[in-house]
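Colleague: I'm new to reading protein models. Could you walk me through a few features, one at a time?

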Amino acid sequence: MDNEKMLKEALEQGIEYYKKGRILVWHDEFDGDKLDMDKWVFHRTMSTADRIYDNSEKNCRVENGEVHMQSHRTDDPEHPFTLSEGLTTKFTMNWKYGYLEMRAKVPYRHGAWPSFWTQSSTVFKTTPWMAEADIFEVFSNDSGLASALHKWGYSQHCSVGGGWYKVGEPETINEEYHIYGYEWNPEYMAFFVDGKEQWRTPIDAVNGNFKHEVIDGTSGFHDFQFIIFNNELFTEGSSWKPNGWAINDDDQFPIDYYIDWVRLYQNPEKEELKLKPEIDEVIAQKKAEEEAKAKEENK
């Protein structure tokens, strides 16, 4: 990472360079006319049969200096909804520890399930199970959101949550931009709205209380992660749709999720960043090793 180049970018674009004892190491202000595919990739992170996942500009585009994700109704009775896949950094940017934040106008309304979360990078994963940090999810709610940690593997799953916290008033919240933050270090994960900490949970070996008989411990929360944004829905076809949460005929479309910017701050001496060239190199190396192993086994 070129710290001088990043500092110059920050000064030219009016971006805060220092935050929480760290420096800006990666960001996207979405100032162009399309997504920077060296920073982002569409990746199916969720799946439901009653919708069409379409990554065209109809469902996800850059305009007016922000990402605009939209979910729509369709005329197809078997697939009455369309939206984009998850917008991620799965193969473009993986990170370990730091402070991540984004400014966004999020849909708080019935049937909406927008989210901002991270997941273990399969490229650099060291534990046999997957870890997930939900910075926020809006669960068909008109004024607040929830944060949680999940882990799964061996056909098992468990989670721990920080509860629900209010962000704004139903009458105005859908017109408001807020800053959603996530601090991650070897001791804890903490979640913020507009700079105010909402929940903190330990992930160190001594204090991390995240027990499960099969996938015990918190080791997966120390693997590299990647960023994910979704503009999902609760529908009748959803495998999980708590009573009363699913979209109904009275709900208005499109459902809009606006992301103004995303910024990552790290201490380069303690926290790590992997960008696309290095990720591509590791993927190619693993593929070559697998092919060589298969060739040897088939002799």
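Modeller: Sure! Let's begin with a pocket, and keep in mind that this model is predicted. A good habit is to sort the lining residues by class. Here the lining of the largest pocket has seven nonpolar, six charged and two polar residues.

Colleague: How much space lies in the largest pocket?

Modeller: About 330 Å³. Of the 15 residues that line this pocket, Met6, Val25, Trp26, Lys39 and Leu275 are the closest to its centre.

Colleague: Which helices and strands each supply at least two residues of that lining?

Modeller: Two helices, α1 (3-13) and α2 (276-297), and two strands, β2 (22-28) and β20 (272-275), do so.

Colleague: Let's stay with α1. What should I look for at its ends?

Modeller: Check the residues on either side. At the start of α1, a side-chain oxygen of Asp2 comes to within 3.2 Å of the backbone nitrogen of Glu4. After α1 comes Gly14, with a positive phi near 70°.

Colleague: Now Arg263. Is this residue buried or exposed?

Modeller: For that, you look at relative accessibility, and buried means under 20%. Arg263 has 10%, so it counts as buried. You'll find Arg263 in strand β19 (residues 255-266).

Colleague: Which side chain does the side chain of Arg263 make a polar contact with?

Modeller: That of Glu29, at 2.8 Å. If you leave out neighbours within four places in sequence, the contacts of Arg263 include Ile15, Leu24, Trp26 and Tyr99.

Colleague: And what about Asp256, buried or partly exposed?

Modeller: Try the same reasoning: partly exposed lies between 20% and 50%. Asp256 has a relative accessible area of 22%, so it is partly exposed. Asp256 is found in strand β19 too.

Colleague: Which side chains are joined to that of Asp256 by a polar contact of 2.7 Å?

Modeller: There's one such contact with His68, and another of 2.7 Å with Gln70. Beyond four places in sequence, Asp256 is also in contact with Met69, Lys105 and Pro107.

Colleague: Last one: how do I find my way around a nonpolar core?

Modeller: Start with the members that touch the most others. In the largest nonpolar core, which has 60 residues, those are Met102, Phe116, Tyr180, Phe229, Tyr257 and Val262. Strand β16 (residues 188-193) gives the largest share of this core, six residues. As for Val262, its contacts beyond four places in sequence include Trp26, Phe30, Trp40, Met102, Ile227 and Phe229.

Terms used:
Residues are numbered from 1 along each chain as its sequence is written. This is a predicted model: local features need pLDDT of at least 70, side-chain atom pairs count only at pLDDT 80 or more; totals for chains, interfaces and linings use all residues. Side-chain values use heavy atoms; hydrogens and water are left out. Helices (H or I, at least four residues) and strands (E, at least two) are DSSP runs, numbered from the N terminus. Buried means under 20% relative accessible area, exposed over 50%, partly exposed in between (1.4 Å probe, protein chains only). A polar contact is a pair of N or O atoms within 3.5 Å; within protein, one must be able to donate a hydrogen and the other to accept it, and residues adjacent in sequence count only if both atoms are side-chain atoms. Contact means heavy atoms within 4.5 Å. A nonpolar core is a set of buried Ala, Val, Leu, Ile, Met, Phe, Trp, Tyr and Cys residues joined through side-chain atoms within 4.5 Å. On a 1 Å grid over the protein atoms alone, a cavity is a set of points where a 1.4 Å probe fits but cannot get out, and a pocket is an open set with protein on both sides within 12 Å along at least five of seven lines; lining residues have an atom within 4 Å of a point. Grid points are joined across faces, edges and corners, and a volume is the space filled by probe spheres set on the points. Ala, Val, Leu, Ile, Met, Phe, Trp, Tyr, Cys and Pro count as nonpolar, Asp, Glu, Lys and Arg as charged, and the others, Gly among them, as polar.
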